[in-house]
Amino acid sequence: MKCILMNKNTEVLVAEYNTVSKFFDRIIEVKNIDYAPYILKSFYIKDDINDTPFRTNLSEWFRGRGIPSWRDKLDLLLHRLDISAPTELLDKAFGLSLSDQYWLKPLDSNLKYDDINFFDNDFDYAEFLEASLSLNSKIIKKETSLKTPNNTTDGMLKKAWIIENGTRYLLKGGYKNEILQPFNEVLASMICDRLGFNHVPYTLDVYKDTVVSKCPCFITKDTELITAYQIRNDMKRHDNTDDYEEYIKKLEENGIPNAREKIENMYILDFLIMNEDRHLNNFGIIRDVNTLKWLDVAPIFDNGMALNIPYYDENEVIISGNGRFFYEVKPFDEIIKVVRNIKRIDISKLDDIPECFDNLLHEYQHITHISDKRIYRLCVLLNRQINKLKKIIEEA
Ligand SMILES: Nc1ncnc2c1ncn2[C@@H]1O[C@H](COP(=O)(O)OP(=O)(O)O)[C@@H](O)[C@H]1O
Ligand SMILES: [Mg+2]
């Protein structure tokens, strides 16, 4: 199929997309390379677009928009959707997403972005929501249920986009039988609120006896999320703080105000909740898709893999002290040292946080069945981190 890769209303390139193999067989013409996905631009070599990594990377980027192979319970989801691979979904709704504005327009069509984007146009989410987050779900019947932005969500956790009163919300469950992630998301939001960090606001919702986290879409029709992974892609890898410094420099050069402080805030949060999952696709920047101006650091999102989730054992206390710092897995006590002026944090604002978290966990205990012992340990751990940070601030 001949098609145009679009960025909202801007034509990026014309190519031949193979609807069977789901690869791009040929690039016919590049029209506006500046509007290409950020990661693709670095592979572009003028006059030689077909025999270079550019075409392969175009295919990989597009396939990478699909639900990843590591999505929790992917087999079950595919069965319920009655498809054999996530790439099949990409053909159903032009590859549109709620995290950016890219889409594939068939060359012979008169389709307009305004008529098909999921920011303005409602989508049928009920069946996908059930297939993704319900324990028992039937096989999806309606073809319209596959025309949704759920075809292009990233990440390991089971999730689904829904619409409520015109707002698009992302619902996320826990990983396998773990149920703490949604609570950690809310905890992160409480901490960010009190410390004044720009973040995605997460609340709790109950869907069919499962507690899920719920957050509004932080992208608009005029913006896109560019993850740190894309930004770092063509930069040298150091495996030390140089990666961090170069990343900050790049953001500052592109005019993002207070970039350093905002990234520091993310690591302060990670320290407090012991978030182990700050990989390069869990933070980034927001770009204006019309002007290509870099607007801001993306609000802090995806904070669920925190408070020692992977090591929980009812009978034994095993505590990991390691977080993620670019390509490195490093102790939180080391990562926090990158914060230049930690005294700017008013830690007294967190005095009531362990108690609030304790209340929250108890409030939903009849659904989650998290034990009193675990709740107690979680609050002790949280309290410990707050006190540790207090000490670091006092000694700075
Ligand atoms: N509120 C949101 N608005 C827009 N895009 C989002 C939002 N939350 C997440 N995303 C996108 O969805 C991806 C997966 O969400 P994330 O919260 O990271 O899930 P997971 O915990 O499974 O990794 C993110 O990397 C981001 O691209
Ligand atoms: Mg994520």
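1. In this predicted model, the magnesium ion (ligand 2) has as its protein donors N282, through OD1, and D302, through OD, at 2.1 to 2.2 Å; donors are N, O and S atoms within 2.8 Å of the metal (3.2 Å for Na, K and Ca), and since water is not among the atoms, sites may look incomplete. The two residues come from distant parts of the chain, 20 residues apart, with N282 in the loop between α10 (259-273) and β10 (284-288) and D302 in the loop between β11 (294-297) and β12 (322-325). Helices (H or I, at least four residues) and strands (E, at least two) are DSSP runs numbered from the N terminus.

2. Both are buried, N282 with a relative accessible area of 5% and D302 with one of 16%, where buried means under 20%, exposed over 50%, and partly exposed in between (1.4 Å probe, protein chains only).

3. In helix α9 (residues 241-253), the buried residues are D243, Y244, Y247, I248 and L251, and these line one face of the helix because, seen down its axis, they fall within an arc of 130 degrees, taken from the directions from the helix axis to the C-beta atoms. On the other side of α9, K249 and E253 are exposed.

4. The cover over the buried residues of α9 includes α8 (228-232), α10, β10, β11 and β12, with contact meaning heavy atoms within 4.5 Å.

5. Residues are numbered from 1 along each chain as its sequence is written, with chains lettered from A and ligands numbered from 1 in the order in which they are written. Local features need pLDDT of at least 70, side-chain atom pairs count only at pLDDT 80 or more, and totals for chains, interfaces and linings use all residues, while side-chain values use heavy atoms, leaving out hydrogens and water.
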